[in-house]
Amino acid sequence: MTRDRSAASTIVQSGSGTKASDASLRITIKQVLTVSVLLFIACAQSAAAQDRTNHGALLVRISEVTIDNEHGVTATDCMLVLPDGGFHLERRKQKLPNPTASLKIFESSLDTERFQQLRDILNDDTLQNLPPYALPTFPMNNLPWFSDLEAEIPRGPTVKRVGYWVWRGGASDRSPNSTPDDIKRSWQESETALRPLLDWFHGVEALRLTSSDSKSNMCGAL
Amino acid sequence: VASWLAWQYGFRNQIHDDKDGHAMPVDLTSGAYRLRDLTDTAAGGLYEGKVIVDKTYGHATYGCMICCGPEFALMEFDPLGLVVSGSGNQQVQTTNSCGGGQQTVSGDFPTWWTDNTAIATANRNQIHGVASGTTNHNAQSIPMYWGFRENASSCPQSQQRPNASTNVGQSMELVGATCNANPSFPYGGNWAHPASNCFLSEPFAVPNGGACVEVGTLPGGGPKNCYQTKVGSCVTTYCAVNARIADSACTRFIDQAGYTATKVGCP
């Protein structure tokens with residue numbers, strides 16, 4: 001991620017500023033520093049790779065899907081936030097009849113205020129006590145519109161998956177209308193509890209971010 | 001050889017019917033003929049035809065052979081879509097200049113490989129997805145005659161080497177089908193890989209004016225929403241497929257058809 005590359009860059013600059021009167025000593029110190037920098041970069045890249053795949057090292061993973069079949073729009077956004085405030089955001093949008101979705105990827109770090117807002121949201125008791133997310137039964141026939149929000153939050157050694165499903169229309173005896181009442185209630189409860197997180201997510205998406213040339217990793221899901 | 005024996009048997013036993021069952025004159029001593037080597041369809045042609053009609057009086061007939069056989073080798077699926085850790089069978093198909101239309105000739109291709117084994121591997125014509133990405137898979141035939149039907153003193157043998165693209169991605173399941181929900185797209189589907197929250201849609205090129213019908217029962221429960229058109233006695237039912245494959249970045253499908261079309265009572 002960008003954050004790791006800039007950290008390595010800082011070390012290189014401080015190393016190059018070392019002064020020594022003896023030329024050979026300077027070369028030795030330079031060599032040692034070069035090796036150290038290379039080792040640091042390797043470690044940083046390794047740690048970054050682990051961050052993307054190790055759920056224990058994430059602060060939260062958020063995913064929002066909205067499918068508007070009436071207007072032929074499928075939008076899927078996801079965001080991975082690391083414990084140090086670095087994030088990876090992917091935004092996809094498919095407008096039919098285009099068979100391909102556009103994809104934009106952003107990588108940056110949260111400012112202190114937004115980072116604290118997120119921590120406060122995640123530490124809220126209501127969110128912590130939400131039931132695990134249950135998906136509806138597939139397929140769902142003839143839904144003009146539906147949306148899915150999911151959040152994965154580490155809780156000790158495991159990752160808690162919360163979320164909800166909202167939709168419009170559909171036959172009453174077909175999924176998702178036919179979903180058991182207790183699951184529907186949990187979706188409603190989760191929708192209310194996750195509203196601050198969704199608003200926060202939309203706030204980050206609304207920022208003027210510079211797109212990155214990083215590859216998609218489905219925000220750590222793959 | 002089998003044909004030749006039957007042909008000779010026919011002459012020796014006064015069975016003078018041609019291939020269409022028409023009687024040939026009993027004093028027939030010459031005419032056009034065709035030999036086909038039934039034991040080696042791959043070679044496709046014989047470089048020389050020699051038919052001894054009457055050994056007693058030394059009457060022999062020589063003829064030039066016609067080379068014929070499979071024309072161009074093509075992979076059935078291009079691209080071939082696979083999921084990681086999944087496999088798919090590829091087939092080599094060709095038209096045959098000897099007649100018989102489209103044929104599968106995978107048996108004549110003993111050698112298969114891929115350009116990047118980190119993405120896909122090949123075990124004969126079974127291609128296995130290793131990791132997300134795109135690579136080519138290739139096959140090579142045994143030495144055999146490939147080409148159009150033509151007169152020749154010999155039928156040159158060659159080894160065809162067809163290839164096709166292999167796309168390895170993530171599996172998608174049908175999460176919804178929409179019928180007459182959008183005026184521009186009468187029928188379409190939504191597929192997802194729920195674990196990665198990858199969702200993609202596709203409208204199908206179907207005629208307007210169809211009706212929504214529910215067909216079958218899916219593993220997830222409930223019937224599938226399909227689309228049906230009727231022209232006279234010809235009924236065509238379009239149904240979204242249950243499983244698809246999308247690229248690892250979730251921007252497009254990398255398999256071929258998103259629906260099936262079943263016709264009943266159609267010419």
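**Figure 1. Secondary structure of chain A in a predicted model.** Helices and strands here are DSSP runs, a helix having at least four residues and a strand at least two, numbered from the N terminus. By that count, chain A has six helices and seven strands. Read from the N terminus, the elements go α-α-β-β-β-β-α-α-β-β-β-α-α. Chain A has 222 residues, and 44% of them count as buried. Its accessible surface is about 11,500 Å². Carbon and sulfur atoms account for 53% of that surface. Among contacts in chain A with a separation of 6 or more, 62% join residues 24 or more positions apart.

**Figure 2. The largest nonpolar core.** This core contains 41 residues. Met79(A), Val81(A), Leu110(A), Leu118(A) and Trp200(A) have the most contacts inside it. Strands and helices of chain A both contribute. The strands that each supply at least two core residues are β1 (60-68), β2 (73-81), β3 (86-95), β6 (145-155) and β7 (158-168). The helices that do so are α3 (112-123), α5 (181-193) and α6 (195-205). Another core lies apart from this one and has 22 residues. Val206(B), Cys226(B), Cys250(B) and Phe253(B) are among them.

**Figure 3. Close-up of Leu110(A) and its contacts.** Neighbours within four places in sequence are left aside here. Leu110(A) then touches Met79(A), Val81(A), Gly85(A) and Phe87(A). It is also in contact with Phe115(A), Leu118(A), Trp200(A) and Val204(A). Of these partners, Met79(A), Val81(A), Leu118(A) and Trp200(A) are named with Leu110(A) as having the most contacts inside the largest core.

**Figure 4. The interface between chain A and chain B.** On the chain A side, 36 residues are in contact with 35 residues of chain B. The buried area is about 2,800 Å², and carbon and sulfur atoms give 55% of it. Phe138(A), Pro139(A) and Asn142(A) supply 20% of the area that chain A buries against chain B. No other three residues supply more. Polar pairing is present too. Across this interface, 20 residue pairs are in polar contact, counting pairs with both residues at pLDDT 80 or more. On the side of chain A that touches chain B, two or more residues come from each of β1, β2, β3, β5 (140-141), β6 and β7. β1(A) gives the most, with four residues.

**Figure 5. The salt bridge between chain A and chain B.** The count between these two chains is one. Arg174(A) pairs with Glu214(B). Their closest N and O atoms are 2.7 Å apart.

**Figure 6. A buried salt bridge between two strands of chain A.** Over all chains, the structure holds 12 salt bridges. In this one, the side chains of Arg61(A) and Glu152(A) meet at 3.3 Å, N to O. Arg61(A) lies in β1 of chain A and Glu152(A) in β6, so the pair ties together parts 91 residues apart in sequence. Both Arg61(A) and Glu152(A) are buried.

**Figure 7. Partly exposed and networked charges in chain A.** Asp111(A) forms a salt bridge with Arg114(A), with 3.8 Å between the closest N and O atoms. Asp111(A) is partly exposed, at 40% relative accessible area. Arg114(A) is also partly exposed, at 22%. A separate view takes in Asp77(A), Arg91(A) and Glu205(A), which are linked in a network of salt bridges.

**Figure 8. A buried salt bridge in chain B.** Asp255(B) pairs with Arg244(B), the closest N and O atoms being 2.9 Å apart. Asp255(B) sits in the loop between β22 (243-246) and β23 (259-264) of chain B. Arg244(B) lies in strand β22, and the two residues are 11 residues apart. The cut-off for buried is under 20% relative accessible area. Asp255(B) has 19%, so it counts as buried. Arg244(B), at 2%, is buried as well.

**Figure 9. The surroundings of Thr135(B).** Thr135(B) lies in strand β12 (residues 133-140) of chain B. It is buried, with a relative accessible area of 6%. Its side chain reaches the backbone nitrogen of Asn116(B) at 3.1 Å. Ser165(B) is 30 residues away in sequence, yet its C-alpha is 5.9 Å from that of Thr135(B). With neighbours within four places left aside, Thr135(B) touches Asp115(B), Asn116(B), Ile119(B), Ala120(B), Ala164(B), Ser165(B) and Thr166(B).

Terms used:
Residues are numbered from 1 along each chain as its sequence is written. Chains are lettered from A and ligands numbered from 1 in the order in which they are written. This is a predicted model: local features need pLDDT of at least 70, side-chain atom pairs count only at pLDDT 80 or more; totals for chains, interfaces and linings use all residues. Side-chain values use heavy atoms; hydrogens and water are left out. A nonpolar core is a set of buried Ala, Val, Leu, Ile, Met, Phe, Trp, Tyr and Cys residues joined through side-chain atoms within 4.5 Å. Buried means under 20% relative accessible area, exposed over 50%, partly exposed in between (1.4 Å probe, protein chains only). Contact means heavy atoms within 4.5 Å. Accessible areas come from the Shrake-Rupley method with a 1.4 Å probe; for residues, only the protein chains shown count as cover. Buried area is the accessible area (1.4 Å probe) that two parts lose on being put together, summed over both. A salt bridge is a side-chain nitrogen of Lys or Arg within 4 Å of a carboxyl oxygen of Asp or Glu. A polar contact is a pair of N or O atoms within 3.5 Å; within protein, one must be able to donate a hydrogen and the other to accept it, and residues adjacent in sequence count only if both atoms are side-chain atoms.
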